[in-house]
Amino acid sequence: MKRIGKLTLVLMVVCLAAVFIAGCSGSGKKEADTKTLKVGVTNFADSLEPTENYFAWVVMRYGIGESLAKFDEKMNVQPWLAESWQISADHMTWTFKIRDGVKFSNGKPLDAAAVKASLERSFAKNKRAVTFFKYKEIKAEGQTLTILTEKPEPNMPGFLADPLFLIVDVSAEPARNFAKEGPIGTGPYMCKTFVKDKAVMVKNPYYWDGVVPYETVEIPSIDDPNTRAMALQSGEVDMAVNIAAGDIGLFNDKAKFHVDRIASLRTVLARINQQGVLGDPKVRAAFISACDRKVYNEVILKGTFIEGKAPVPPSMDYAFDQLKDPNSYNIERSKQLLAEAGWKDTDGDGILEKDGKKLTVDFVVYNSRAELPIYAEAVQSDAKKVGFDVKIKSVDYNLIDKMGINGEYGLLISNITTANTGDPEIFLNWYWKTNRNGDNPQNGSGYSNPALDTKFAELSTTFDRQQRRQLIIDCQQIIMNDGAALFLGYPETNIISSTSIEGAQMYPSDYYWLTNKIKPAKK
Amino acid sequence: MGSLTKDKFLFWLYTFFVLLILGFAIFAPWLAPYDPYDAVMRQSLQAPSDDHLFGTDKLGRDCLSRIIYGARTSLMMTLSLVAVITVVGTFIGVLAGYMGGKVDTVLMRIVDMMLAFPGIVLAIAIAGMLGGNIVNAILALAAVSWTKYARLGRSLTLKLRQRDFIAAAVTNGSRPLHILWRHILPNILPTIVVTAAMDIGTMIMELAGLSFLGFGAQPPTPEWGLMLNEGRQHIQTAPWLMLYPGAAILIVVTIFNLWGDSLRDIMDPQRAN
């Protein structure tokens with residue numbers, strides 16, 4: 001009897017295991033579903049409220065919201081919800097003609113008054129808005145929107161293409177919780193349900209710009225890059241964004257996958273806090289010089305990143321090759337600088353000391369982008385060779401913004417888009433313009449250089465393209481000379497899609513993932 | 001030699017393996033072919049070859065060397081953890097058992113409270129709050145694991161307290177501390193030691209688990225759980241990064257478990273029959 005009991009038990013376990021295995025393999029999709037699209041993304045937003053944090057990016061990426069202008073694949077500003085625009089002779093008034101026939105996803109037509117209400121809402125609710133431009137007045141008349149600015153704003157259409165200024169139906173708000181249910185926008189899809197881990201979109205029946213091919217779009221957030229790659233391999237999702245460097249090789253089969261790889265406008269940099277040990281320019285220069293960035297990008301990241309040097313990536317035309325990095329890789333110089341700054345290894349543990357204090361630096365990183373911890377560990381290893389003790393602190397992405405603003409770091413890694421307005425002015429301002437009592441909150445490092453501030457002031461009122469270009473080049477050189485940050489590399493970015501769908505395209509701006517151009521492939 | 005029973009033979013066999021592992025840990029600097037921290041980044045992610053028997057990781061560090069040094073980290077963490085929970089847990093248990101009354105009630109209710117939480121989840125919470133590093137991981141696991149020894153120590157003490165020789169010692173005027181040290185501890189020690197030995201394997205796993213989740217050892221420390229996590233990113237393109245640390249954990253945990261079992265068998269002849 002006892003033996004039979006045991007046998008039954010074993011059989012049961014085997015059966016259970018079989019059920020599990022069958023369950024797992026059953027989830028692989030056999031046929032292309034033409035009604036539902038599944039997109040694997042990494043989502044940082046807790047809510048869909050476009051004015052909170054950077055959540056507007058998600059609202060735009062998921063195809064809910066659109067703005068007055070958009071960036072094309074070369075980062076030129078193109079009309080979107082605005083048909084055309086012009087600037088007055090005194091450079092203080094911009095006039096936008098709002099496209100006729102556009103409707104919000106609740107059927108309400110889009111007019112200038114709705115755009116005005118939406119823009120004012122962004123300004124009222126998000127402090128970042130005024131870092132783009134300040135307005136005296138916004139006037140709405142029929143389909144004509146007029147913006148009177150406080151000072152000349154050369155790049156206004158580019159500013160308004162930023163997701164922060166995407167247009168929502170403000171009048172729908174009392175009845176609808178934008179944060180939880182998603183805003184009412186003009187995009188091809190609208191939100192059905194949203195939690196951080198998964199969003200479900202449905203077709204916007206009133207979409208103005210052609211056919212919307214899918215009834216439903218499921219957007220699971222798969223934060224781990226390798227899991228995302230596996231989900232795409234197994235057919236769990238039809239397309240995925242930002243497949244990690246190490247995994248791109250898995251999608252070489254052209255019959256199964258389409259890989260859209262482009263040089264992005266992003267830069268991976270480590271902000272350097274100027275208040276701690278890295279406040280000493282020599283120590284800072286020594287740190288940067290110790291990092292062999294060529295190897296990080298070409299070997300470890302297999303060439304999916306370009307070697308870092310300056311704030312603005314070489315994909316934009318700001319004379320990247322002419323910029324001189326005073327702190328290029330030179331381990332001897334690094335050691336010498338540290339010795340000049342008075343750091344010595346007195347106890348023989350390989351870490352330098354000065355006045356009884358160890359040369360320790362906290363390096364804050366987050367893991368939702370696969371390359372960041374890799375860079376951090378490579379830097380840690382290189383810096384140790386000259387006597388730095390780098391302590392890596394992994395934190396959740398949501399803490400990064402706050403830590404950056406409060407300056408709670410020695411080094412803080414970020415993967416930042418440098419030209420979210422089609423021009424790197426804002427990016428340079430955010431991180432390196434002097435922060436006086438919190439008027440430039442993104443610069444939490446304490447970095448300040450009056451010469452740079454002067455250039456920034458000049459840049460903000462310069463319209464001439466050539467002059468702007470030269471000013472931006474000058475600004476970059478000052479930042480590099482000061483060793484204000486460690487520029488690690490410039491990523492490529494990608495969308496990889498199954499060949500069962502077509503039209504998935506990555507844009508350099510990284511704002512447009514889900515569009516109505518993505519549709520089932522013709523067989 | 002003729003009297004060597006099967007149990008004893010197995011015990012010595014496993015002891016030999018355990019010593020072998022300890023040897024690897026102690027003599028790591030002589031056994032490892034490379035410095036485990038030496039990142040030769042130009043040789044990142046090389047497949048196993050004659051130069052690098054277990055391949056190299058993403059920063060070009062030699063995996064074999066890291067696994068050998070990993071034995072050091074893992075065993076040091078585990079042994080100190082087991083030592084801490086054995087000493088603390090037994091002390092509290094014996095105290096509760098011998099003193100009885102209010103002391104017993106208070107201490108055992110604390111134990112009950114700790115047992116109400118699922119162990120590893122609580123450990124993750126504690127390690128998460130303290131911040132990830134080796135010491136905090138040990139503290140976190142110690143905080144949830146000592147209760148077992150407290151319970152064991154208490155029940156063994158309760159059993160002994162009824163015995164005549166304790167009563168005799170009390171009548172002779174021995175102080176409680178003396179009785180605990182000279183009469184009770186030696187009698188409960190074998191059971192405690194066997195339990196501790198059998199716990200080593202589990203603790204290696206749990207520590208590696210915490211490191212895998214990022215709550216234990218931090219990069220660039222060579223630690224098996226952490227190495228598994230680092231290798232996870234390359235599971236499809238560089239499987240050796242997960243294979244060898246995984247195998248190391250498997251082998252070491254198995255050996256310690258078998259050793260603990262065989263130790264129990266020879267220490268407790270009644271059970272062996």
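**View 1. Where chain A meets chain B in this predicted model.** Chain A puts 17 residues into the contact, and chain B puts in 16. On the side of chain A that touches chain B, three elements each chip in at least two residues: α9 (293–300), α11 (371–386) and β18 (389–394). Of these, α11(A) gives the most, with 5 residues. Sorted by class, that side of chain A comes out as 8 nonpolar, 6 polar and 3 charged residues.

**View 2. Helix α4 of chain B crossing helix α6 of chain B.** Here we're looking at residues 101–115 (α4) and 134–161 (α6), whose axes come within 9 Å and cross at roughly 135°. That angle is why α4(B) counts as oblique to α6(B). The crossing is left-handed. On the α4(B) side, B:Val111, B:Met114 and B:Leu115 make the contact, and α6(B) answers with B:Val144, B:Thr147, B:Ala150 and B:Arg151. Tallied by class, the contact has 5 nonpolar residues, plus 1 polar and 1 charged.

**View 3. Annotated transmembrane stretches of chain B.** An unreviewed UniProt entry puts the label "transmembrane region" on residues 12–32, 75–100, 120–144, 188–217 and 237–259 of chain B. Two of these are worth a closer look. Residues 237–259 of chain B are 87% helix and 0% strand, with the end C-alpha atoms 36 Å apart. Residues 120–144 of chain B are 88% helix and 0% strand, yet there the end C-alpha atoms lie 8 Å apart.

Methods:
Residues are numbered from 1 along each chain as its sequence is written. Chains are lettered from A and ligands numbered from 1 in the order in which they are written. This is a predicted model: local features need pLDDT of at least 70, side-chain atom pairs count only at pLDDT 80 or more; totals for chains, interfaces and linings use all residues. Axes are lines fitted to C-alpha atoms, for helices over the stretch in contact, and angles run from 0 to 180 degrees between N-to-C directions. Helices (H or I, at least four residues) and strands (E, at least two) are DSSP runs, numbered from the N terminus. Angles under 35 degrees count as roughly parallel, over 145 as roughly antiparallel, 65 to 115 as roughly perpendicular and the rest as oblique. A crossing is left-handed if the near helix is turned anticlockwise from the far one by less than a right angle, and right-handed if clockwise. Two residues are in contact if their C-beta atoms, placed from the backbone, lie within 7 Å. Ala, Val, Leu, Ile, Met, Phe, Trp, Tyr, Cys and Pro count as nonpolar, Asp, Glu, Lys and Arg as charged, and the others, Gly among them, as polar. UniProt positions are given in the numbering used here, feature names are shortened, and annotations may be inferred rather than shown by experiment.
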